[in-house]
Amino acid sequence: MVSTTFINLNDHKKELITDALLNEFSNHSLSEAQVSRIVQESGIARGAFYKYFDDLKDAYSYLYHYALKDIHQDIATESTEKLRPSEYIEQVHDFVEKSTNSRYFALVKMHLLHNESLFMTPFNNHLITEDEFHWATQVMIHDAIKQILIAPDNQKIILEKLANVLQALAKEDKKHVSITEGN
């Protein structure tokens with residue numbers, strides 16, 4: 001877990017380190033990343049790196065969560081009720097647009113292509129407890145985002161297919177809810 005020492009650094013130094021992490025993890029998978037390149041680029045001592053982070057995976061986790069927070073900041077994701085399929089599609093579109101136009105695009109793409117499997121349990125355990133509709137929706141949305149980031153030219157058709165499937169799922173979910181409430 002990122003240390004309070006890192007959190008309490010002055011903004012300039014923290015930005016230098018974060019930029020070095022972003023460069024490293026955008027251009028190298030976690031298994032190929034090297035502390036030596038990060039410390040050289042950021043101008044910190046190797047020992048300082050380990051004072052701030054437990055290891056490369058810890059530094060990567062910090063950076064990836066930091067990037068997602070920045071990407072998601074203008075995207076409405078909080079709702080007390082289930083979203084309609086069109087609202088999910090709008091969120092996916094907004095996320096893809098913000099991702100592809102952000103400085104984090106290469107990081108997110110690298111994560112989806114090479115690093116995601118290293119974080120499946122810590123990042124996705126909450127989905128297991130969700131109802132079937134929400135679980136299926138989240139799995140499909142995640143895969144659609146991955147496909148769009150890999151092949152951006154297919155965005156329109158992927159979003160259309162996702163919208164069609166989400167609408168069909170929503171209809172089935174409504175039937176299931178009314179049947180279970182009727183018993």
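**Salt bridges and core of an all-helix model**

At 27% relative accessibility, Asp19 falls in the partly exposed class. This value, like the rest below, comes from a predicted model. The partner of Asp19 is Arg103, and the two form a salt bridge whose closest N and O atoms sit 2.4 Å apart. Asp19 belongs to helix α2 (residues 11-27), while Arg103 is in the loop between α6 (85-100) and α7 (105-115), so this pair ties together parts that are 84 residues apart in sequence. Arg103 is partly exposed too, with a relative accessible area of 47%.

How many salt bridges turn up when the whole structure is searched? The count is four. As background, side chains of opposite charge can pair when their charged atoms come close. One of the four joins Glu24 to Arg37, with an N to O distance of 2.6 Å. Here α2 is tied to helix α3 (residues 35-42), since Glu24 lies in the former and Arg37 in the latter, and the two parts are 13 residues apart in sequence. Is Glu24 buried or exposed? With a relative accessibility of 4%, Glu24 counts as buried, because the cut-off for that class is under 20%. Arg37, on the other hand, is partly exposed at 27%.

Another salt bridge runs between Lys146 and Glu116, with 3.7 Å between the closest N and O atoms. This pair links distant parts of the chain: Lys146 is in helix α9 (residues 132-150) and Glu116 in the loop between α7 and α8 (120-124), 30 residues apart. Glu116 is the buried partner, at 11% relative accessible area, whereas Lys146 comes out as partly exposed at 24%.

Back in α2, Asn23 is also a helix residue, and a relative accessibility of 36% makes it partly exposed. Between the C-alpha atoms of Asn23 and Glu41 there are 9.0 Å, with their positions 18 residues apart along the chain.

On to the fold as a whole. The protein has ten helices and zero strands. Of its 183 residues, 40% count as buried. Taking contacts between residues at least 6 apart in sequence, 69% join residues at least 24 apart. The exposed surface is about 11100 Å², with carbon and sulfur atoms supplying 52% of it.

In soluble globular proteins, nonpolar side chains tend to be buried together. In this model, the largest nonpolar core has 48 residues, and the members touching the most others are Leu21, Phe25, Phe49, Phe53 and Leu107. At least two core residues come from each of α2, α3, α4 (46-52), α5, α6, α7, α9 and α10 (155-182). Which helix gives the largest share of this core? That would be α5, with eight residues. Phe49 makes a handy spot for a closer look: setting aside neighbours within four places in sequence, its contacts are Leu21, Val35, Ile38, Val39, Ile44, Asp55, Leu56 and Ala59.

Helix α5 itself (residues 56-72) is 17 residues long and reaches 24 Å from its first C-alpha to its last, close to the 24 Å expected at 1.5 Å a residue. Its buried residues include Leu56, Ala59, Tyr60, Leu63, Tyr64, Ala67 and Ile71, along with the polar-chain pair Asp58 and Ser61. An α-helix has 3.6 residues a turn, so residues three or four places apart point the same way. At the N-terminal end, α5 is capped by Asp55, which places a side-chain oxygen 3.2 Å from the backbone nitrogen of Lys57.

Conventions. Residues are numbered from 1 along each chain as its sequence is written. This is a predicted model: local features need pLDDT of at least 70, side-chain atom pairs count only at pLDDT 80 or more; totals for chains, interfaces and linings use all residues. Side-chain values use heavy atoms; hydrogens and water are left out. A salt bridge is a side-chain nitrogen of Lys or Arg within 4 Å of a carboxyl oxygen of Asp or Glu. Helices (H or I, at least four residues) and strands (E, at least two) are DSSP runs, numbered from the N terminus. Buried means under 20% relative accessible area, exposed over 50%, partly exposed in between (1.4 Å probe, protein chains only). The expected span of a helix is 1.5 Å times one less than its number of residues. A polar contact is a pair of N or O atoms within 3.5 Å; within protein, one must be able to donate a hydrogen and the other to accept it, and residues adjacent in sequence count only if both atoms are side-chain atoms. A nonpolar core is a set of buried Ala, Val, Leu, Ile, Met, Phe, Trp, Tyr and Cys residues joined through side-chain atoms within 4.5 Å. Contact means heavy atoms within 4.5 Å. Accessible areas come from the Shrake-Rupley method with a 1.4 Å probe; for residues, only the protein chains shown count as cover.
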